[in-house]
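Hi there,

Here is the structure I promised to pass on to you. Please open it and have a look, and then read my notes below.

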Amino acid sequence: MGGSPSIPAPPPPPDPGNAAKANELYYRSSLETYIANQGDVAALEQRLREQYNPRQRELERQMSALDTQRAAQTGLQVEREYGPQRSLEALRRQYEIDPNAFAVQRGLGQQAAAQYARLYGQPAEASVPYEITKPSKTKEASYLTGLS
C-alpha cells in the first residue's frame, strides 16, 4: 500500500466555452418557449383578471365603507365624551368676551326651543334618541384624585 489517499481526485474544472454555450442555449430556449406560449399566458392573465378584479373592487369598496363608518363612530364617541365640556368652554369664553352676544344667542336658543315645542308638541330634548342621551361610561375625573 503506497501512500495514495483514499479521497478521489476532484473532477476537472468545467470548460468555460461549453458552459457559456449551454447557458446561451438554455436562455434562447426559455425565451422561445415564452414567446410561443405568450398568447396562452395573456389569455390566462385576462381570465384571472376578469375572475378576481370585481371581487377585489368589491372588497375595496367594503373596506372604505368600513373605514368611513369607523371614523364616524369614533367622531361621535369623542363628541359624546367631550362634547358637553367643549360646549361649556365655548359658552364661557363667549360670555367672557362679549356678554351681549351671549345673551342674544341664549335668547335665540330659547326661542328656537319654544318654536320646536309648539310645532311638534313635545320638547326638543324628547326627540333625541336614548342612545345619545344615556350617560357615557367614562369615569369622573377630578384634579385632586385623578380618575376615581
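**What I found**

Let me start with the surface: the accessible surface of the protein chain comes to about 13,600 Å², and carbon and sulfur atoms account for 59% of that area. Please keep in mind that this is a predicted model.

How much of the protein chain is buried? Buried residues make up 1% of its 148 residues.

Next, the overall layout. You will find four helices and two strands in the protein chain, and reading along the sequence gives the pattern α-α-α-α-β-β. The radius of gyration is 39 Å, whereas the globule rule gives 15 Å for 148 residues, so the protein chain is more spread out than a compact globule. If you would like to picture its extent, the C-alpha atoms fill a box of roughly 115 × 55 × 30 Å along the principal axes.

Now to a pair of helices. Two packed helices are described by the angle between their axes and by the distance between those axes. For helix H2 (residues 38-97) and helix H3 (residues 99-120), the axes come within 5 Å and cross at roughly 130°. Why is H2 called oblique to H3? Angles over 145 degrees count as roughly antiparallel and those from 65 to 115 as roughly perpendicular, so the crossing of roughly 130° belongs with the oblique ones.

Which residues make this contact? From H2 they are Leu91, Gln94, Tyr95 and Ile97, and from H3 they are Pro99, Ala101, Phe102 and Gln105. Sorted by class, the contact of H2 with H3 has six nonpolar residues, two polar ones and no charged ones.

Finally, try finding Ser87, which sits in helix H2. Is Ser87 buried, partly exposed or exposed? Its relative accessibility is 40%, so Ser87 counts as partly exposed; that class lies between the cut-offs of 20% and 50%. From Ser87 you can also look across to Leu108: the two are 21 residues apart in sequence and 16 Å apart in space, C-alpha to C-alpha.

Enjoy exploring!

Best wishes

Terms used. Residues are numbered from 1 along each chain as its sequence is written. This is a predicted model: local features need pLDDT of at least 70, side-chain atom pairs count only at pLDDT 80 or more; totals for chains, interfaces and linings use all residues. Side-chain values use heavy atoms; hydrogens and water are left out. Axes are lines fitted to C-alpha atoms, for helices over the stretch in contact, and angles run from 0 to 180 degrees between N-to-C directions. Contact means heavy atoms within 4.5 Å. Ala, Val, Leu, Ile, Met, Phe, Trp, Tyr, Cys and Pro count as nonpolar, Asp, Glu, Lys and Arg as charged, and the others, Gly among them, as polar. The radius of gyration is taken over C-alpha atoms; the globule rule is 2.2 Å times the number of residues to the power 0.38. Buried means under 20% relative accessible area, exposed over 50%, partly exposed in between (1.4 Å probe, protein chains only). Accessible areas come from the Shrake-Rupley method with a 1.4 Å probe; for residues, only the protein chains shown count as cover.
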